[in-house]
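Q: I am new to this structure and would like to learn how its features are read. May we go through them one at a time?

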Amino acid sequence: YAPATHEAQSTEYDERRDRNKQGRCSDCGIQTYKKLLGRDFAPINNEYVLNGRCLTCKPLGTSAAPARPAAPAVSTDHG
């Protein structure tokens, strides 16, 4: 157990969570959503952000969700 490592991970997690709550990219901090009244946010569109998606950290053509491993091939040869 390394307290310094745990503390660093916790601090990084807190920073990412705070960025997300503020309508910013959790990775780089660029503003991705505009705060409206109350708790509502509107996605931003500009040269760096498309519909609230940070194009620097998550460029188009890449999945925002983690990649899943391919399913194993099933053999139909019984012979």
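Q: Is Arg53 buried, exposed or partly exposed?
A: The general idea is to compare the relative accessible area with two cut-offs: buried means under 20%, exposed over 50%, and partly exposed lies in between. In this predicted model, Arg53 has a relative accessibility of 22%, and therefore counts as partly exposed. Arg53 belongs to strand β4, which covers residues 53-54.

Q: Which residue, 20 positions away from Arg53 along the chain, can be compared with Arg53 in space?
A: One reads such a pair from the C-alpha atoms. Here the partner is Tyr33, and the two C-alpha atoms are separated by 8.9 Å.

Q: How is Ser26 classed, buried or exposed?
A: The cut-off for buried is under 20%. Ser26 has a relative accessible area of 17%, so this residue is buried. Ser26 sits in the loop that links α1 to β1, the latter being residues 33-35.

Q: Which residues does Ser26 touch, when those up to four places away in sequence are not counted?
A: Setting sequence neighbours aside leaves the contacts made by the fold. For Ser26, these are with Arg16 and Arg19.

Q: What is to be noted about the phi angle of Asn51?
A: The sign of the angle and the residue type are read together. Asn51 is not a glycine, yet its phi is positive, at about 50 degrees. Asn51 is located in the loop between β3 and β4. Its relative accessibility is 53%, and because exposed means over 50%, Asn51 counts as exposed.

Q: Where does Asn46 lie, and how accessible is Asn46?
A: Position and accessibility are again taken in turn. Asn46 is in the loop joining β2, residues 41-43, to β3. With a relative accessible area of 40%, Asn46 is partly exposed. Asn46 and Thr32 stand 14 residues apart in sequence, and their C-alpha atoms are 9.3 Å apart.

Q: What can be said of Pro59, in the segment after β4?
A: The same steps apply. Pro59 has 34% relative accessibility and so counts as partly exposed. Apart from neighbours within four places in sequence, Pro59 is in contact with Arg53 and Cys54. The C-alpha atoms of Pro59 and Tyr48, which are 11 residues apart along the chain, are separated by 9.5 Å.

Q: How is empty space in a structure found, and how much lies in the largest pocket?
A: Rolling a probe the size of a water molecule over the atoms shows where space is left empty. In this model the largest pocket holds about 210 Å³. Its lining consists of 13 residues, and Cys25, Thr32, Tyr33, Gly52 and Lys58 lie nearest the centre. By class, the lining has five nonpolar, five polar and three charged residues.

Q: What are the elements of the chain, and in which order do they run?
A: Elements are counted and then followed from the N terminus. The chain has one helix and four strands, in the order α-β-β-β-β. Of its 79 residues, 13% are buried. The accessible surface is about 6700 Å², with 54% belonging to carbon and sulfur atoms.

Q: Which elements have the lowest and the highest mean pLDDT?
A: Where pLDDT is low, the predicted coordinates should not be read in detail. Among the elements, helix α1 (residues 3-21) has the lowest mean, 80, and strand β3 (residues 49-50) the highest, 95. For the chain, the mean pLDDT is 80, and 67% of the residues reach 70 or more.

Notes
Residues numbered from 1 in each chain as written. Predicted model: local features only at pLDDT ≥ 70, side-chain atom pairs only at ≥ 80, totals over all residues. Heavy atoms only, no water. 1 Å grid on protein atoms, 1.4 Å probe; cavity = no way out; pocket = protein on both sides within 12 Å on 5 of 7 lines; lining within 4 Å. Points joined across faces, edges and corners; volume = space filled by probe spheres on them. Nonpolar A, V, L, I, M, F, W, Y, C, P; charged D, E, K, R; others polar. pLDDT = per-residue confidence, 0-100. Helix = DSSP H or I, 4+ residues; strand = E, 2+ residues; numbered from the N terminus. Buried < 20%, exposed > 50% of the residue type's maximum accessible area, 1.4 Å probe, protein only. Areas by Shrake-Rupley, 256 points an atom, 1.4 Å probe, with all protein chains shown as cover. Contact = heavy atoms within 4.5 Å.
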